[in-house]
Structures are given as structure tokens and as C-alpha cells.
Amino acid sequence: MPFDRPEAADSAERDIALRLDGQLRKAHPKEVISAALDAFGPRLALVSSFGAESAVLLHLAAQVDPGIPVLFLDTGMLFGQTLDYRRMLTARLGLRDVRDLRPIFEDLATADPDANLWQTDTDACCRVRKVLPLDRALDGFDAWITGRKRFHGGSRLTLPVVEAAEGKVKFNPLASWGKTELDAYATEHDLPAHPLVAAGFPSIGCWPCTSPVEEGADARAGRWAGSQKTECGIHTARAPGAAPFLGGDI
Ligand code: SF4
């Protein structure tokens with residue numbers, strides 16, 4: 001879906017998202033993924049962390065099309081168990097196009113040469129290790145699928161099934177599913193759990209910023225625990241006119 005002018009593109013994406021959200025609001029997640037593929041074909045990607053709940057969305061997508069491009073942010077700070085899980089789940093589900101996105105050397109050399117930015121500025125660290133690599137990869141796509149769910153709370157409580165953001169259409173097929181539906185689907189399809197779930201991690205990101213939580217606590221309570229931060233930034237609006245990071249202060 002090439003657009004000549006940015007304003008026209010934004011407006012067109014909003015219109016498409018509104019129309020599809022109306023059609024798909026009550027649809028089964030698999031139907032949402034099929035509709036996304038029908039609408040965008042090879043210009044659609046799925047973004048996965050291969051974290052605690054990722055197997056369900058990846059399994060659903062693999063039923064629709066195992067060749068769908070899956071973008072995986074390998075921040076360089078992930079648990080070894082996540083990297084193992086990414087390899088195992090990819091093979092198990094038959095996913096044919098999983099792409100590892102890594103921060104580029106120039107950004108790390110300038111912003112985080114000692115790999116300790118997470119200790120002083122988590123937003124800047126997430127920008128270099130997550131937001132910029134994903135934005136670069138998404139340049140080649142018009143739409144993407146996310147694994148976000150309303151039950152995660154915070155800004156996700158009002159999550160639509162289809163939305164427009166940052167010049168793309170975003171599909172959230174699991175928006176309305178809760179833990180009960182996720183667990184039932186995983187059991188029905190015998191999906192392997194991330195190895196850290198059994199150790200008390202209901203949501204899993206980078207090792208410096210992920211903690212186990214007490215049973216019954218919010219699923220994302222262990223992410224950036226003790227700080228106000230709740231999102232890494234890939235799902236939050238970029239500053240108007242924000243330029244790609246080229247080094248210097250961020
Ligand atoms: S989650 Fe933590 S370590 Fe990972 S990119 Fe963000 S601040 Fe850095």
C-alpha cells in the first residue's frame with residue numbers, strides 16, 4: 001500500500017484501521033490474523049518477544065501461514081532461556097521466516113558503550129535496543145501483529161483489535177483474551193511454556209529489567225519493577241518529527 005504523502009498515508013491507515021476494527025472486534029484471533037493477511041499480504045509482519053505468552057499467538061499465526069515474517073528483538077540483554085525458547089518454538093511450530101533484530105553497532109558504541117545504560121536511563125536503553133531496531137525493520141511493512149492484551153492493564157486496558165499508529169496498521173488479535181483463554185489454548189495445543197514461567201516470571205523481557213512476581217500479582221508487575229516505566233516504547237507514540245538516532249544525547 002504505497003502512499004505519496006505522509007498526511008494521506010496517516011488518514012488512509014486510520015480509515016482502514018477503523019473499518020477493520022469494526023469488523024473484527026468480536027472475531028476469533030485466528031480470524032483476525034487471516035483478515036490481516038488478506039488485507040496486507042507480504043506487507044504484514046508479526047512482532048514477538050518469544051516470552052511467557054508468545055506461543056499462543058505464534059501457534060495461531062502458524063496455522064494461518066507459517067511463512068509470515070516474525071520479527072524478534074534480540075536486545076543483547078535477553079535471558080539465555082529466551083534465546084533457547086526462540087529456537088525450539090520456531091522449529092516446533094514450523095515458522096519459516098523468523099528474523100532476529102539487533103541494535104546496530106554505531107548506536108551501541110555511542111549511546112551504550114559499556115552496556116550499562118539500563119542502570120541510568122531505561123528509556124534511552126530501550127530506544128537503542130528495541131525501538132530503533134524495530135522501526136528500521138518495520139520500514140519494509142505496512143502492518144504488524146502484536147501480542148498485547150487488555151488484561152495486562154495500564155494503557156492496554158482499552159486496546160482495540162485494530163488500530164493505526166506510527167504510519168502503520170496494528171492488529172492485536174488477542175486483545176480480549178485473558179489468562180483463562182490463553183492457558184486453555186496452550187493446553188489444547190500442547191504448547192511448551194517459556195522455561196522461566198515455572199520460576200515465577202509471568203512476563204519476560206531483558207534480564208536486567210525483569211523480576212519474578214508473587215502469585216496473583218499483575219502479569220507485568222515484574223517488568224521495570226520499582227520504577228514508573230511500564231512500556232518499552234515500541235507501542236508508544238514517537239515524538240512528532242522524531243528523527244532516527246544518529247548518535248549523541250538521547
Ligand atoms: S528492557 Fe531494560 S535492558 Fe532491555 S532494552 Fe529496555 S532498559 Fe535496556
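**Exercise 1.** Which side chain forms a polar contact with the side chain of Glu-53, and at what distance? Establish also where Glu-53 lies and whether Glu-53 counts as buried or exposed.

*Solution.* The structure is a predicted model.

Step 1. Locate the residue: Glu-53 belongs to the loop that links strand 1 (44-48) with helix 3 (54-64).

Step 2. Apply the accessibility cut-off: buried means under 20% relative accessible area. Glu-53 has a relative accessibility of 18% and therefore counts as buried.

Step 3. Identify the partner: the side chain of His-152 makes a polar contact of 3.0 Å with that of Glu-53.

Step 4. List the surroundings: with residues up to four places away in sequence left out, Glu-53 touches Lys-149, Phe-151, His-152, Leu-182 and Pro-202.

**Exercise 2.** Determine how strand 2 (residues 70-73) pairs with strand 1 and with strand 3 (residues 98-101), and describe the connections.

*Solution.*

Step 1. Strand 1 and strand 2 are parallel and pair over three bridges; within this pairing, Leu-46 is opposite Val-70.

Step 2. Strand 2 also runs parallel to strand 3, to which four bridges join it. Here Leu-71 is opposite Arg-99.

Step 3. Trace the chain from strand 2: it passes through helix 4 (residues 80-93) to strand 3 in a right-handed β-α-β crossover. Strand 1, helix 3 and strand 2 likewise form a right-handed β-α-β unit.

**Exercise 3.** Which residues of strand 2 are buried on each of its faces?

*Solution.* Val-70 and Phe-72 are buried on one side, and Leu-71 and Leu-73 on the other. Both faces of strand 2 are thus covered.

How values were computed: Residues are numbered from 1 along each chain as its sequence is written. This is a predicted model: local features need pLDDT of at least 70, side-chain atom pairs count only at pLDDT 80 or more; totals for chains, interfaces and linings use all residues. Side-chain values use heavy atoms; hydrogens and water are left out. Helices (H or I, at least four residues) and strands (E, at least two) are DSSP runs, numbered from the N terminus. Buried means under 20% relative accessible area, exposed over 50%, partly exposed in between (1.4 Å probe, protein chains only). A polar contact is a pair of N or O atoms within 3.5 Å; within protein, one must be able to donate a hydrogen and the other to accept it, and residues adjacent in sequence count only if both atoms are side-chain atoms. Contact means heavy atoms within 4.5 Å. Two strands pair if DSSP finds at least two bridges between them. A crossover is right-handed if, with the strands pointing away from the viewer, the path from the first strand over the helix to the second runs clockwise.
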